Amino acid sequence: MTLNLDGREMDVVEALCRKKGLSKTALLRQCLRLYQTIENRIARGEKLFFEDEEKLKSELVLL
Amino acid sequence: MRSSYPVRLLKSDGNWIDGELFEGISETNLIHFEQLWKPQLDEMRREAIERRARGEKCYDGADAHWNWRKFVELTTGDLSVRQFTIEADGETQGLMLVSTIYRSRIEPGQHLLYVDRVAAAPWNRKSKKAPQRFRPIGSLLIRHAIGTSLAEGFSGRVGLHSLPGSTGFYCDRLAMKSFGPDPHHQNLEYFELSVAQAQEEIKKSSK
């Protein structure tokens, strides 16, 4: 499989790899796992929230 | 076909037996759990309840309610979960489920391998009644979790919530860092193995 990413996308991949100490393959594998987990939970009717330092929750609207 | 690698298990008579550690939990493993493990686990749990009523500290069979068939049904096809089994002597000797999408508390933001469930067959657990048939099942599975963490690129980091009867193993034997009871996880104690501790454990196991 060949992935065609533009320069900005590759910059993000490389920055995340550095930050997480992962190879590109491991990083993309994690992306796929997280994407599938979120999809499955949304499909079950669950919602995804982020909470800030003041404990205020905001729902992440997924397209 | 499930991938596997050989493991050596110590029998109660002091001899060694060859076993295999598989990726995946098969229908045969689930039947072994339901027909061989479950009746013994229920008995262990019943005895533990009686002993606790007499004021003794006993958590044997604390996982008797775990429904491995349901766990497998819920996680098969889920890319974030990996299943492992130890087989020897024609029977299932240990089972483990791990998740790859948890984050470290020791190093916030970094990935770790989370051991969601790990269990040895009831006859392989420490007991006053009979010697363990094969050992060390739990240690082999946890060591495999460390190896899987390394292979995933998580540097050996492992996290887990421990049932009350197993906290000594994670705390004393593996020297995992305790974060205390977790109110979001039935107040079970959360433990984490750091990168340095994982490297130490790998050194010990390769000697």
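**Exercise 1.** How many residues does the contact take from chain B, and how many from chain A?

*Solution.* In this predicted model, the contact draws nine residues from chain B and 11 residues from chain A. Sorting the residues on the side of chain B that touches chain A then gives two nonpolar, six polar and one charged.

**Exercise 2.** Locate the cis peptide bond that involves P136(B), and place this proline in the secondary structure.

*Solution.* Start with the backbone: most peptide bonds are trans. The bond that joins R135(B) and P136(B), however, is cis, with omega at about 5 degrees. Turning next to the fold, P136(B) sits in the loop between strand 6 (134-135) and helix 3 (137-152) of chain B.

**Exercise 3.** Examine D89(B) and S155(B), giving the phi of D89(B) and that of S155(B), and decide for D89(B) and for S155(B) whether the residue is buried or exposed.

*Solution.* As a first step, recall that most residues other than glycine have a negative phi. D89(B), although not a glycine, has a positive phi of about 55 degrees, and S155(B), likewise a residue other than glycine, has a positive phi near 60 degrees.

The second step is to place each residue: D89(B) belongs to the loop between strand 3 (81-88) and strand 4 (91-103) of chain B, while S155(B) belongs to the loop between helix 3 and strand 7 (158-162) of chain B.

The last step is to count neighbours. D89(B) counts as exposed because it has 12 C-beta neighbours inside 10 Å, and exposure requires 12 or fewer. S155(B) counts as buried because it has 21 C-beta neighbours inside 10 Å, and burial requires 20 or more.

Methods. Residues numbered from 1 in each chain as written. Chains lettered and ligands numbered in written order. Predicted model: local features only at pLDDT ≥ 70, side-chain atom pairs only at ≥ 80, totals over all residues. Helix = DSSP H or I, 4+ residues; strand = E, 2+ residues; numbered from the N terminus. Contact = placed C-beta atoms within 7 Å. Nonpolar A, V, L, I, M, F, W, Y, C, P; charged D, E, K, R; others polar.
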